[in-house]
Amino acid sequence: MGRTAERFDRQAAGFDQRAGIPTDAAEAVALAVLEIASATPDDVVLEIGAGTGEIGCHLAARGRYLGTDRSTGMLDVFSARLASSGARHAQLVRCDADAAWPVCGRSASVVFASRVAHLLDVRHLEAEFQRVCRPGGWFLVGRVQRDPDGIKSRLRQQRQNLFSQAGIDVRGGQQVTDAMLDDLAAHHHERLAPRVVASWTVTASADAVLRSWESLSAIGGREVATVTRDGVLRDLRAWAEKELGDLRQTSTSTDRYTISGVRHVAH
């Protein structure tokens with residue numbers, strides 16, 4: 001837990017600027033979570049890996065909410081955001097999602113994980129989900145789907161190729177999450193097909209994307225040696241200059257936020 005928590009502590013202050021989603025999209029995601037789960041203001045919504053609260057603050061404004069994260073830095077940002085939101089029934093708790101969740105048995109109507117599910121231990125997640133969620137409740141996973149033809153997607157794919165050539169498996173979060181949900185569905189849970197709940201336009205340059213990756217110590221949730229990371233990013237920049245031309249040239253693309261998940265079927 002320690003090294004991962006410290007990594008996210010360092011990222012907390014600038015996380016939303018680097019990887020956040022627009023406010024109206026975040027609100028649309030929160031509304032979709034509540035709609036899919038048929039959650040009322042009296043139902044408990046548990047968010048694991050709540051981060052800076054970009055979505056959690058909207059969930060908290062609409063009912064009983066518990067947000068957890070292993071990073072104190074992330075929760076500090078969330079707490080400041082929550083203080084100005086007017087939420088009356090919200091609580092934030094620092095804990096590791098791979099340890100026991102701070103919720104009583106069968107007390108939650110929905111467990112939500114945004115862009116973090118691929119970091120979790122699937123066996124522990126299934127056990128805790130079945131423990132804390134009421135029958136008929138949901139485990140919902142949210143993720144950002146980049147335009148496959150957009151700058152960031154093309155760079156991310158080539159980055160993955162370069163790491164693979166270096167013998168390092170840095171599978172994308174979507175691949176890991178899909179495998180996890182398939183595993184949960186195989187254990188008698190009802191699967192929810194991916195649903196697009198928000199979309200927005202992104203303007204970016206290859207240079208800006210590459211620079212944002214230069215300070216990251218982990219790729220796809222996996223810690224990577226600095227010398228390896230720097231070598232891959234150097235090769236990636238060279239590839240981009242050849243394939244994309246002027247790296248400072250901006251282009252627009254459409255990002256989408258999708259929700260998928262499983263429903264807890266008692267058996």
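This note sets out numbered points on the cores, salt bridges and open spaces of a predicted model.

1. The largest nonpolar core. This core has 31 residues, and the members that touch the most other members are V29, I55, L59, L140, Y257 and I259. At least two residues each are supplied by the helices α2 (23-36), α3 (56-60) and α4 (72-83), and likewise by the strands β4 (108-114), β5 (133-145), β6 (190-205) and β9 (250-263). Helix α2 gives the most to this core, namely 8 residues.

2. L59 as a member of that core. L59 is among the residues of the largest nonpolar core that touch the most other members. Once residues up to four places away in sequence are set aside, L59 touches A30, V33, L34, V45, E47, Y65 and F112. L59 is also one of the residues that line the largest cavity, a point taken up under item 7.

3. The second core. A separate core of 21 residues is present as well, and V132, C133, F139 and M180 are included in it.

4. Salt bridges of helix α7. The structure holds 16 salt bridges. In one of them D183 pairs with R123, with 3.0 Å between the closest N and O atoms. This pair links distant parts of the chain, since D183 is in helix α7 (residues 173-186) and R123 is in helix α5 (residues 122-132), 60 residues apart. R123 counts as partly exposed because its relative accessibility is 48%. In another salt bridge R143 pairs with D178, the closest N and O atoms being 3.1 Å apart. Here too distant parts of the chain are linked: R143 belongs to strand β5 and D178 to helix α7, with their positions 35 residues apart in sequence. The two partners fall into separate accessibility classes. R143 has a relative accessible area of 8%, under the 20% limit, and is therefore buried. D178 has a relative accessible area of 22% and is therefore partly exposed.

5. The D182 and R191 pair. Which residue forms a salt bridge with D182? The partner is R191, and the closest N and O atoms of the pair are 2.4 Å apart. D182 counts as partly exposed, because its relative accessibility is 45%. R191 counts as partly exposed too, at 31% relative accessibility.

6. A salt-bridge network around D207. D207, R211, E214 and R237 are joined into one network by salt bridges that share partners. D207 lies in helix α8. With a relative accessible area of 14%, D207 falls under 20% and so counts as buried. Apart from its neighbours within four places in sequence, D207 is in contact with R237, L247 and R248. R237 thus appears both among these contacts and in the network.

7. The cavity. How many cavities of 30 Å³ or more does a search of the whole structure find? The search finds 1. The largest cavity holds about 30 Å³ of space. Its lining is made up of L34, T40, D43, V45, L59, R62, G63 and R64. By class, these lining residues are 3 nonpolar, 2 polar and 3 charged. Two of the residues named in the lining, L34 and V45, are also touched by L59.

8. The second largest pocket. About 460 Å³ of space lies in this pocket. The pocket is lined by 28 residues, of which R146, K152, V202, T203 and A204 are the closest to its centre. Two or more lining residues come from each of α1 (2-19), α6 (151-165), β6, α8 (206-213) and β9. Strand β6 makes the largest contribution to the lining, with 6 residues. By class, the lining divides into 10 nonpolar, 11 polar and 7 charged residues. Strands β6 and β9, listed for this lining, also each supply at least two residues to the largest nonpolar core.

9. E223. E223 is located in strand β8 (residues 222-223). Is E223 buried, partly exposed or exposed? E223 counts as partly exposed because its relative accessibility is 32%. E223 and G73 are separated by 150 residues in sequence, and their C-alpha atoms are 19 Å apart in space.

Terms used
Residues numbered from 1 in each chain as written. Predicted model: local features only at pLDDT ≥ 70, side-chain atom pairs only at ≥ 80, totals over all residues. Heavy atoms only, no water. Core = buried A, V, L, I, M, F, W, Y, C linked by side-chain atoms within 4.5 Å. Buried < 20%, exposed > 50% of the residue type's maximum accessible area, 1.4 Å probe, protein only. Helix = DSSP H or I, 4+ residues; strand = E, 2+ residues; numbered from the N terminus. Contact = heavy atoms within 4.5 Å. Salt bridge = Lys/Arg side-chain N within 4 Å of Asp/Glu carboxyl O. 1 Å grid on protein atoms, 1.4 Å probe; cavity = no way out; pocket = protein on both sides within 12 Å on 5 of 7 lines; lining within 4 Å. Points joined across faces, edges and corners; volume = space filled by probe spheres on them. Nonpolar A, V, L, I, M, F, W, Y, C, P; charged D, E, K, R; others polar.
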